[in-house]
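Good morning, and thank you for coming. I should like to take you through one structure today, beginning with a pair of charged side chains and ending with the chain as a whole.

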Amino acid sequence: MDSARRWAGVVALAIGIFVLITVEELPIGVLSVMAPDLGVSEGVAGLAVTVPGILAGAVALCTPVLVRGMDRRLVLVLALASVALSCALSVVAPTFAVLLLARLFAGVAIGLYWAVMAIVALGQVPAKHAARALTIAFAGAGGALVLGVPVAAWIGTHVGWRLAFAAVGIVAAVVALLILLLVEPVRSPVKVTGSMMLAAARTRGVRYALGLIALAVVGQFLTYSFISPVLIERAGVGLGDIGLMLLVYGLAGLVGNFAVGPLVRRSPPAAVLVVVTGTGLSLLAVLTVMDDPRRAMVVMAGWGLCVGAISVAMQAFIGSEASEVLEEATALNSAGFNTAIAIGALIGGLILDAAGLTPMILTSVLMVGGGALLVVHYLRTSRVPQPAAPLSR
């Protein structure tokens, strides 16, 4: 396979991430129109993010053991087919309960795709281009924030949230075909077992990565899952302008995804520290200064710049700090990340319904700040040699 097709395959993987992020966060963008249509509160509607996120975490955790010798490319195709099915069921869902059932298929898709995508991307190019391949592949996440979620939100608020799901489902089917045609098959030389997953979880880099996810990612999505009511009630943004605000957030996120590249190549832990600290400061700005539409646009841009770099920075951290257990660590990272999104949406919904927006955002600030302190501790203690955890291969 020539070089051009290899990179075309990496771009196809990025488009797949675009679809996965869009379908995962689509309820966030249409929350304020979907909830009343289905007869539930916005806090309860947040379960449309929580339920698939929890399932995605469980699926990602099991994926390396379940797929074993299977072509990882076909795992990605199955994931996108599951997205198409989820969207089709969402379009016709008569009640919120049926919508949650449809979202289970989205959870399966998210878990499968995230658990193996990085491995497949690295398998398309020579090792010397690994950092560039990851940056391009994860650019799909920023692209989803730039186009996928805002466009879906615009469709949802102006035409109907069901049509937004329909559009995502169609794109998922097309991308599945692209991956099948362009991406080179990738199989793992090692058959991962449950004991190997447990051993990987005990390695120092993975332990810190999971701890960081539990603080920073939960804290981020605790507030971001309810960004529509935050913008409407705290900043006075009109319902029709939510899509524009998410577009600004997404454009900045795409810039952040590429801007963090040089720092990622120099020091992945330092890149993670910069990104998490910036996210915490952005959430503090949401809490303290985002009180009109103009300030909201500035805050959303700064917030998106930082959050857009999280995925690639975290995967690079795993690649550098847990390279000896890369496939297991990637799955654990994916499981933790998606579970954190779900837990963040759940906790955010509970706080929102019980106490309101301000306590919800304050909790986010404290949690993400704690994540930044954890990275500082990792960097300080990294100067001291650490004993390696025993691995069974």
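Let me begin with Arg-295, which is partly exposed because its relative accessibility is 43%. Please keep in mind that this is a predicted model. Arg-295 forms a salt bridge with Asp-291, and the closest N and O atoms of the two are 3.4 Å apart. The partner, Asp-291, has 45% relative accessibility and therefore also counts as partly exposed.

As a general point, side chains of opposite charge can pair when their charged atoms come close. How many salt bridges does a search of the whole structure find? The search finds three.

Another of these joins Arg-162 and Asp-37, whose side chains meet at 3.9 Å, N to O. This pair links distant parts of the chain: Arg-162 belongs to helix α8, residues 161-182, while Asp-37 belongs to helix α2, residues 31-38, and the two positions lie 125 residues apart in numbering. Arg-162 is partly exposed, at a relative accessible area of 24%. Asp-37 is likewise partly exposed, with 47%.

There is also the salt bridge between Asp-71 and Arg-73, where the closest N and O atoms are 3.2 Å apart. Are these two residues buried or exposed? Asp-71 has 3% relative accessibility, so it counts as buried. Arg-73, at 15%, counts as buried as well, because the cut-off is under 20%.

I turn next to the cysteines. A search of the whole structure finds zero disulfides. Of two cysteines I would mention, Cys-62 is partly exposed at 38% relative accessibility, whereas Cys-306 is buried at 15%.

Let us now look at a buried polar residue. Gln-220 lies in helix α10, which covers residues 204-224. Its relative accessibility is 1%, and Gln-220 therefore counts as buried. Which residues does Gln-220 contact, leaving aside its neighbours within four places in sequence? They are Tyr-249, Thr-279, Leu-283, Trp-303, Val-307 and Val-368.

From there we move to the surface. Val-11, Ile-15, Ile-170, Val-174 and Leu-178 form a nonpolar patch, and together they have about 390 Å² of accessible area. The elements giving two or more residues to this patch are α1, residues 3-29, and α8. Helix α8 gives the most, with three residues. Leu-178 is found in helix α8, and Leu-178 is partly exposed, with a relative accessible area of 32%. Helix α8 is thus a recurring element in this talk, because Arg-162 of the salt bridge with Asp-37 is found there too.

Finally, the chain as a whole. Its secondary structure comes to 18 helices and zero strands. Does the radius of gyration of the chain agree or disagree with that of a compact globule? For 393 residues, a compact globule would have a value near 21 Å; the chain has 20 Å, which agrees. Along the principal axes, the C-alpha atoms fill a box of roughly 55 × 45 × 35 Å.

Buried residues make up 57% of the 393 residues. Among contacts between residues at least 6 apart in sequence, 86% join residues at least 24 apart. The chain exposes about 14,600 Å², of which carbon and sulfur atoms supply 71%.

That concludes my presentation. Thank you for your attention.

Definitions and conventions. Residues are numbered from 1 along each chain as its sequence is written. This is a predicted model: local features need pLDDT of at least 70, side-chain atom pairs count only at pLDDT 80 or more; totals for chains, interfaces and linings use all residues. Side-chain values use heavy atoms; hydrogens and water are left out. A disulfide is a pair of cysteine sulfur atoms within 2.5 Å. Buried means under 20% relative accessible area, exposed over 50%, partly exposed in between (1.4 Å probe, protein chains only). Helices (H or I, at least four residues) and strands (E, at least two) are DSSP runs, numbered from the N terminus. Contact means heavy atoms within 4.5 Å. A salt bridge is a side-chain nitrogen of Lys or Arg within 4 Å of a carboxyl oxygen of Asp or Glu. Patches are made of residues with over 30% relative accessible area and no salt bridge: like charges are joined within 9 Å, nonpolar side chains (Val, Leu, Ile, Met, Phe, Trp, Tyr) within 5 Å. Accessible areas come from the Shrake-Rupley method with a 1.4 Å probe; for residues, only the protein chains shown count as cover. The radius of gyration is taken over C-alpha atoms; the globule rule is 2.2 Å times the number of residues to the power 0.38.
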